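Reader: I should like to learn how the features of a protein model are read, one after another. Might we begin with burial and proceed from there?

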Amino acid sequence: MSENIYVGVDLGGTAIKVGICNHEGELLHTYEGPTEKEKGTDTVIDNIVKYVRLIVEQSPYSWDQLVGVGAGVAGFTDLRAGVILLAPNIGFRDVPIRAILEERLGKTIRIDNDANVAALGEAWSGAGKGVNDCVCYTLGTGVGGGIILNGKIYQGFAGLAGEIGHISVVPDLEAIQCGCGKMGCLETVSSATGIVRMAVEAVERGDQTSLSSMEQITAKDIFDAAKAGDEVSIRIINRAAFYLGKSMAAIAATLNPERFIIGGGVSKAGDILFSKIREVFAELTPAPLQQGVEIIPAKLGNDAGIVGAAGLLLR
Ligand SMILES: [Zn+2]
């Protein structure tokens, strides 16, 4: 086996996941170990080095075949300098991670933020395979995003491109404040947090819904209730979908991507969500800008981060 391999690292708060990809973005091997952030930055770095060495040793590939290592980080990074400025979930502050890992592993190191890396993973070998221009949404606690143009992550002037959760879409009278401090962001209505909030408000208002019998409502409860025909739940999902479709119409008019890829927990709502997004997108987007554009679910799930991190070496 003489092919090149690429290692991706997903730096999470409890676990560090590493994976080996080939040139096509196929995930060949994975390994997972504890982050141990409570032991401090040096231990976390030791663990990254240990797991990367271990996964290559345990695979049929040799260290010489390893082109480099990419890592996705949740937090603020200075991409040019290769420094993690602030990553609360792993306890990093001003850590020159690229230089440290280059020194310790003797390989090329690339870092980027987790949303961009997940988008790159989907574009490389997931739902965006073979497509040059796509925009990825991750609908979780918040709404994350990544923009892939010409097969590469679009970073923007300060490395902050793709913050699509903070596009202001909700009209003034209905807008609430977002975690970012501004009003009416997409994240306030289309994240799992936003969906649950709308459900709790409906119950408190006394709306007729099967959700009112529940102690603690989760996003999944709302999807299940909607599938069973609960009108309040359907209305909430339609509202989340409406603003997603509206944001996509704005992005389509700006970037003309070929595909919108939607992942994260809320995307598990499935057809009830996707059909409404597509309907709204069709309604709000000028016909030529809709031509050939697809809105589809993400494919790689939790592996998108590892695959995309490995992909940083190529893109
Ligand atoms: Zn916001």
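Author: A definition is needed first: a residue is called buried when its relative accessible area is under 20%, and exposed when that area is over 50%. The model before us is predicted. Its mean pLDDT is 95, and 100% of the residues score at least 70.

Reader: How many residues of helix H10 are buried?

Author: In helix H10 (residues 304-311), 8 of the 8 residues are buried, so the helix is largely enclosed by the rest of the structure. The residues concerned are Ala304, Gly305, Ile306, Val307, Gly308, Ala309, Ala310 and Gly311.

Reader: Which elements do the buried residues of H10 pack against?

Author: Strands S1 (5-11), S2 (15-21), S3 (27-34) and S4 (66-73) are packed against by these residues, as is helix H3 (114-125).

Reader: Several of those strands invite a question about sheets. In what order do the strands of the sheet that contains S1 stand?

Author: The general idea is that strands of a sheet pair through backbone hydrogen bonds, in either a parallel or an antiparallel manner. Here, 5 strands form an open sheet with mixed pairing, in the order S3-S2-S1-S4-S8. S3 and strand S8 (108-113) are the edge strands, each pairing on one side only. From one strand to the next, the twist averages 20°.

Reader: How many bridges join S1 to S4, and how many join S2 to S3?

Author: S1 and S4 run parallel and are joined by 7 bridges; Asp10 has Gly72 in S4 as its bridge partner. Helix H2 (residues 97-105) packs on this sheet, where it touches S4 and S8, and its direction makes about 150° with that of S8. H10 also packs on the sheet, touching S1, S2, S3 and S4, with its direction at about 130° to that of S1. S2 and S3, by contrast, run antiparallel, and 7 bridges join them. Ile20 stands opposite His29 in S3. The hairpin of S2 and S3 has 5 residues between the strands, and in it Gly25 takes a positive phi near 85°.

Reader: Where does a residue other than glycine have a positive phi?

Author: Glu36 is one case, with phi near 55°. Glu36 belongs to the loop between S3 and helix H1 (41-58), and it is partly exposed at a relative accessible area of 21%. Asn150 is another case, its phi being near 55°. Asn150 sits in the loop between S10 and S11 and counts as exposed, at 63% relative accessibility.

Reader: S10 and S11 were just named. In what order do the strands of their sheet stand?

Author: The order is S11-S10-S9-S12-S13, in an open sheet of 5 strands with mixed pairing. Strand S11 (152-153) and S13 stand at the edges with a single partner strand each, so one side of each has no neighbour in the sheet. S12 and S13 run parallel and are joined by 4 bridges; Phe260 has Ile295 in S13 as its bridge partner. H3 packs on this sheet, touching S9, strand S10 (143-149), S11 and S12, and its direction makes about 50° with that of S10. Helix H7 lies across S9, S10, S12 and S13 and runs at about 155° to S9. Among the elements of the protein, S13 has the highest mean pLDDT (98), whereas strand S5 (residues 76-78) has the lowest (87).

Reader: How does one recognise a helix with a buried face, and which residues of H8 are buried?

Author: An α-helix has 3.6 residues a turn, so residues three or four places apart point the same way. In H8, the buried residues are Leu273, Phe274, Ile277, Val280 and Phe281. Seen down the axis of H8, they fall within an arc of 130°, so they line one face of the helix. The face turned away from the buried side of H8 carries the exposed residues Asp271 and Glu283. Cover for the buried residues of H8 includes strand S9 (134-139), helix H7 (231-255), strand S12 (259-263), helix H9 (287-290) and strand S13 (294-297).

Reader: Finally, is Thr209 buried or exposed?

Author: Thr209 lies in the loop between helix H5 (192-205) and helix H6 (219-227). Its relative accessibility is 8%, so Thr209 counts as buried. Leaving aside residues up to four places away in sequence, Thr209 touches Val203, Asp230, Val232 and Ser233.

Conventions:
Residues are numbered from 1 along each chain as its sequence is written. This is a predicted model: local features need pLDDT of at least 70, side-chain atom pairs count only at pLDDT 80 or more; totals for chains, interfaces and linings use all residues. Side-chain values use heavy atoms; hydrogens and water are left out. Buried means under 20% relative accessible area, exposed over 50%, partly exposed in between (1.4 Å probe, protein chains only). Helices (H or I, at least four residues) and strands (E, at least two) are DSSP runs, numbered from the N terminus. Contact means heavy atoms within 4.5 Å. The arc is that of the directions from the helix axis to the C-beta atoms. Two strands pair if DSSP finds at least two bridges between them. Axes are lines fitted to C-alpha atoms, for helices over the stretch in contact, and angles run from 0 to 180 degrees between N-to-C directions. pLDDT is the predictor's confidence in each residue, from 0 to 100.
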